[in-house]
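Visitor: Please take one part of this model and walk me through it closely. Give me the overall picture first, and keep the sentences short.

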Amino acid sequence: RHSARAPAGGGRRRGEGAGVSRRRRAGVSSHAAERLVDVFAVLHVLGLMLAFFAITFVLPMVCSLVTGDGMLGDFAAAAGLNVLVGLALAFAFHRYRRELKARDGFLLVTLVWVMMSAAASVPLMMAIPGLSFTDAYFEAMSGLTTTGSTVLTGLDALPPSVNLWRSALHGCGGLGIIVLAVAVLPLLGVGGMQVYKAESPGPVKDEKLTPRITQTAKALWLVYTGITAAGAIALHAAGMTWLDAICHAFSAIGLGGFSTHDSGIGYYNSAAVEFVLILIMLIACMNFSRHFMAVQKLSFAPYLRDTEAKAILIVLGTSVVGITLLVWASGHYQQFATTLRHVAFSVVSVASTTGFVTQDYEKWPIFAPVWMLFLSCIVCSTGSTGGGIKMFRTLLLERHAVREMKVLLHPRALVPIRIGGHVIPERIVYAVLAFIFLYFATIAVLTFTLLLSGLDLVSSFSGVVASINNLGPGLELAGPSTQYQKFTDFQTWVFTTAMLLGRLEIFSVLVLFTPAFWRK
């Protein structure tokens with residue numbers, strides 16, 4: 001009896017299994033269709049943002065009109081093309097418009113940086129005969145990611161509107177970074193900025209600037225614009241022309257590094273200019289929420305309570321003193337005051353990932369440039385326009401290491417990690433550890449890729465570190481006294497990729513290549 005029933009029972013189970021398989025396949029197809037609709041919704045928003053980006057072309061157009069440099073038509077054509085492509089994209093996917101989901105933010109910010117860099121490269125190719133798309137795209141990506149690496153020479157002879165456009169990209173990128181930090185990166189949970197998410201129970205939730213993220217972004221934009229304007233006025237008072245002052249204010253507040261002269265800030269040979277830029281760079285590498293709170297309360301108390309700010313100033317101060325003594329002892333400069341001036345500017349510029357240059361610091365004792373490159377990895381604050389690992393993660397790693405040593409001695413002890421008096425959730429600790437792993441893994445992969453292309457080790461490693469930290473100058477062929485135009489197209493695209501990964505905090509880009517992202 002059992003043997004007779006077995007086939008029937010087995011047949012029913014096979015039929016049920018086939019039905020489950022069909023339902024699963026249908027479910028997979030349904031999920032794929034839903035994700036495709038999500039992509040279309042993102043493309044609709046991307047089109048609107050590209051069209052809106054054309055507004056930024058107004059600034060160089062006005063400059064061209066005032067200076068008569070002949071670039072007005074080129075910028076107008078580039079702006080028109082941008083609007084046309086953006087509106088066409090938005091119209092094509094208009095019927096898919098809806099409120100974006102949280103995961104859509106990762107795809108959107110990546111596409112925004114990729115597409116806007118392409119749009120920003122158009123006027124550069126129009127203005128500079130013979131400039132290839134690879135070099136133009138690299139220059140535009142360097143501007144929008146506030147890296148400051150350049151493939152251009154003869155900056156002094158460029159039309160004023162083109163130099164203003166390059167620096168304005170730092171301003172656009174810097175503003176975009178602030179919005180990215182408060183609206184998208186909190187979803188990753190890999191840094192201190194998740195505290196700005198209204199529904200987040202993060203370590204310092206009570207320090208949200210405003211109840212809604214859009215209001216927060218507007219508040220930070222206002223602070224950003226105010227600091228930029230004040231910086232331009234101060235630089236003009238220090239001896240720059242108005243055009244140079246505006247360009248370098250954009251560069252400094254965005255921690256970018258583009259200059260209007262081939263010799264960089266060394267062109268001015270002015271202690272006053274360097275002092276003003278040091279102040280701007282220090283302000284820009286701090287958390288912008290602290291600036292908003294300080295202005296709102298008319299008090300320095302927000303800075304005094306900021307653990308990151310204290311750590312940044314201690315590290316920078318110690319480094320300036322130590323490198324000054326080292327360089328002075330080497331006899332590179334005759335006077336101690338001159339040594340202090342050049343070291344202070346170079347250390348702050350490199351550590352803040354700005355990349356302004358007044359001296360060829362590669363000629364200093366080798367410890368100095370290598371230590372400065374290391375500082376670019378850790379010094380900038382979360383919520384600033386700088387790149388690198390950021391000070392919040394550095395402090396968290398240090399406290400995690402100390403906790404592990406305590407746990408080794410006292411296995412049953414519960415030792416929470418605290419930063420600024422707040423307990424950091426374990427989820428954030430693990431996320432930061434994962435980020436650090438990906439950070440160094442990315443540097444290793446890109447460095448080996450450049451080595452395969454025939455580039456030497458020092459140039460490969462330092463160039464990748466400088467690019468992923470959005471610093472600009474590295475060492476050797478990527479050093480402060482050279483430009484990036486000597487690299488092959490393949491090597492240029494590797495550096496471009498490093499800039500994008502570093503600016504979007506690696507996770508935001510790599511998460512797009514995970515199967516989980518494309519599932520429902």
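Guide: The accessible surface of the protein chain comes to about 22,900 Å² (Shrake-Rupley method, 1.4 Å probe). Carbon and sulfur atoms hold 69% of that surface. This is a predicted model: local features need pLDDT of at least 70, side-chain atom pairs count only at pLDDT 80 or more, and totals for chains, interfaces and linings use all residues. Residues are numbered from 1 along each chain as its sequence is written, and side-chain values use heavy atoms, leaving out hydrogens and water.

The chain has 520 residues, and 54% of them are buried (under 20% relative accessible area, 1.4 Å probe, protein chains only). Its secondary structure comes to 20 helices and two strands (DSSP runs numbered from the N terminus: H or I of at least four residues for helices, E of at least two for strands). Take the contacts (heavy atoms within 4.5 Å) between residues at least 6 apart in sequence: 71% join residues at least 24 apart.

Now the close look: the pairing of α3 with α4. Helix α3 covers residues 72-92, and helix α4 covers residues 104-127. Their axes lie 9 Å apart, at an angle of about 155° (lines fitted to C-alpha atoms over the stretch in contact; angles run from 0 to 180 degrees between N-to-C directions). The two helices are therefore roughly antiparallel (an angle over 145 degrees). The crossing of α3 past α4 is right-handed (the near helix is turned clockwise from the far one by less than a right angle).

Which residues in α3 and α4 meet? From α3 come Asp74, Phe75, Ala77, Ala78, Leu81 and Asn82. From α4 come Ala119, Val122, Pro123 and Met126. By class, this contact has eight nonpolar, one polar and one charged residues (Ala, Val, Leu, Ile, Met, Phe, Trp, Tyr, Cys and Pro are nonpolar; Asp, Glu, Lys and Arg are charged; the others, Gly among them, are polar). An α-helix has 3.6 residues a turn, so residues three or four places apart point the same way.

For another helix, look at α10, residues 288-297. Seven of its 10 residues are buried, so α10 is largely enclosed by the rest of the structure. The buried set is Phe288, Ser289, Arg290, His291, Phe292, Met293 and Ala294. Just after α10, leucine 298 takes a positive phi of about 50°.

Note on methods
Buried < 20%, exposed > 50% of the residue type's maximum accessible area, 1.4 Å probe, protein only. Parallel < 35°, antiparallel > 145°, perpendicular 65-115°, else oblique.
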